[in-house]
Amino acid sequence: MKKNSIEVRNLSFRYQKEDVLPTLDQVEFHVKQGEWLSIVGHNGSGKSTLVRLLNGLLEADQGQVLIDDQVLTPENIWEKRQEMGIVFQNPDNQFVGATVEDDVAFALENNQVSPENMRLRVEEALKTVNMWEFRDREPARLSGGQKQRVAVAGVLALQPKILILDEVTSMLDPEGRKELMETIAAIRRQQDITVLSVTHDLEEVSLSDRVLVMKKGRVESIQTPNELFQRPDLEDVGLDLPFTRQLLELLDLDVSSYLSEEELQDYLWELQFPK
Ligand SMILES: Nc1ncnc2c1ncn2[C@@H]1O[C@H](COP(=O)(O)OP(=O)(O)OP(=O)(O)O)[C@@H](O)[C@H]1O
Ligand SMILES: [Mg+2]
């Protein structure tokens, strides 16, 4: 039995004391070591607030966050933060270095890593996200997708146990999204890293192990992607019907599991030309 990497117990939070409804209301869930949990939900449902609480940027009114079975406290937050790498939606606010390589190295400088070790880690992280050949480029002059990959490399270089992504693909085109998500999936195959990703993207959701739906500050449900995609009320939880499901319905075909575009292609091919 794998242990919990993240555990959230009865977490409630209000931005202002006079707020009638809490922004987060008795939120409870866990993410196992090495698991990938997606968090979905309408705008304003509290997803980013939850991320800020996990990272100790905000403090809960009630409840607890446990990282590696230890309750997050003001005393251990700095130490626990080293285990968590967070990437936010807008990569432009996250760059400090003059070059891609400097930028990834910067986070390590604050972490007392030896220069030799630092170079190795930076190289490894940039290669993982396929940005090594861009190492001498200025971060500001990269495309949105490239910037996000560099931001992910910056976090990977810190060798976190937990990767937290808050809508990192939302500014990317479908191709950029796909590349970044495949990068994350590949990282997960290589390392036993826990991933928590907030997203509206269905392909991204389909890659994860479980999906938590946030609704008005509460946990509405936790399901597998497959279970979620079968729900007739997908729009109510802030997701579009997957393109492949739309097509299957249009063709009046009954397929019970979620199919990616490639899988659908194979399925239709097989239907047309049985072996
Ligand atoms: N700094 C803040 N001060 C006061 N209220 C805030 C603050 N940040 C967010 N809120 C409110 O808290 C609620 C939850 O916001 P949050 O950013 O967590 O939502 P979200 O699920 O991440 O939405 P989105 O999908 O748009 O990113 C919203 O009603 C929002 O207006
Ligand atoms: Mg948000």
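**Exercise 1. Burial and length of helix α6**

Task: In this predicted model, determine which residues of α6 are buried, which elements they pack against, and what end-to-end span the helix should have.

Solution:
- Step 1. The buried positions of α6 are Gly-176, Leu-180, Met-181, Thr-183, Ile-184, Ala-185 and Ile-187.
- Step 2. These buried residues pack against three helices and three strands, namely α4 (115–128), α5 (144–156), α7 (202–207), β3 (36–41), β7 (162–166) and β8 (194–198).
- Step 3. Helix α6 covers residues 174–190, which makes 17 residues; at 1.5 Å a residue the expected span is 24 Å. The C-alpha atoms at its ends lie 24 Å apart, so expectation and model agree.

**Exercise 2. A salt bridge within α6**

Task: Establish how Lys-178 and Glu-182 are placed in α6, at what N to O distance their side chains meet, and how Lys-178 and Glu-182 are to be classed by accessibility.

Solution:
- Step 1. Both residues belong to helix α6 and are four residues apart, about one turn of the helix.
- Step 2. An α-helix has 3.6 residues a turn, so residues three or four places apart point the same way.
- Step 3. The side chains of Lys-178 and Glu-182 form a salt bridge of 3.8 Å, N to O.
- Step 4. The partly exposed class lies between 20% and 50% relative accessible area. Lys-178, at 40%, therefore counts as partly exposed, and Glu-182, at 45%, is likewise partly exposed.

**Exercise 3. Other salt bridges**

Task: State how many salt bridges the whole structure holds, then describe the pairs Asp-233 with Arg-231 and Glu-83 with Lys-80.

Solution:
- Step 1. The search of the whole structure gives 19 salt bridges.
- Step 2. Asp-233 pairs with Arg-231, with the closest N and O atoms 3.0 Å apart. Arg-231 is buried because its relative accessibility is 12%, whereas Asp-233 is partly exposed at 25%.
- Step 3. Shared partners link Lys-3, Asp-68, Lys-80, Glu-83 and Lys-161 into one network of salt bridges.
- Step 4. Within that network, Glu-83 and Lys-80 have their closest N and O atoms 3.5 Å apart. Both Glu-83 and Lys-80 are buried.

**Exercise 4. The surroundings of Tyr-267**

Task: Locate Tyr-267, class its accessibility, and list its contacts beyond four places in sequence.

Solution:
- Step 1. Tyr-267 sits in helix α10 (residues 261–272).
- Step 2. With a relative accessible area of 27%, Tyr-267 is partly exposed.
- Step 3. Beyond its neighbours within four places in sequence, Tyr-267 contacts Leu-248, Leu-253, Val-255 and Leu-259.
- Step 4. Gly-56 is 211 residues from Tyr-267 in sequence, and their C-alpha atoms are 46 Å apart in space.

How values were computed. Residues numbered from 1 in each chain as written. Chains lettered and ligands numbered in written order. Predicted model: local features only at pLDDT ≥ 70, side-chain atom pairs only at ≥ 80, totals over all residues. Heavy atoms only, no water. Helix = DSSP H or I, 4+ residues; strand = E, 2+ residues; numbered from the N terminus. Expected span 1.5 Å × (residues − 1). Buried < 20%, exposed > 50% of the residue type's maximum accessible area, 1.4 Å probe, protein only. Contact = heavy atoms within 4.5 Å. Salt bridge = Lys/Arg side-chain N within 4 Å of Asp/Glu carboxyl O.
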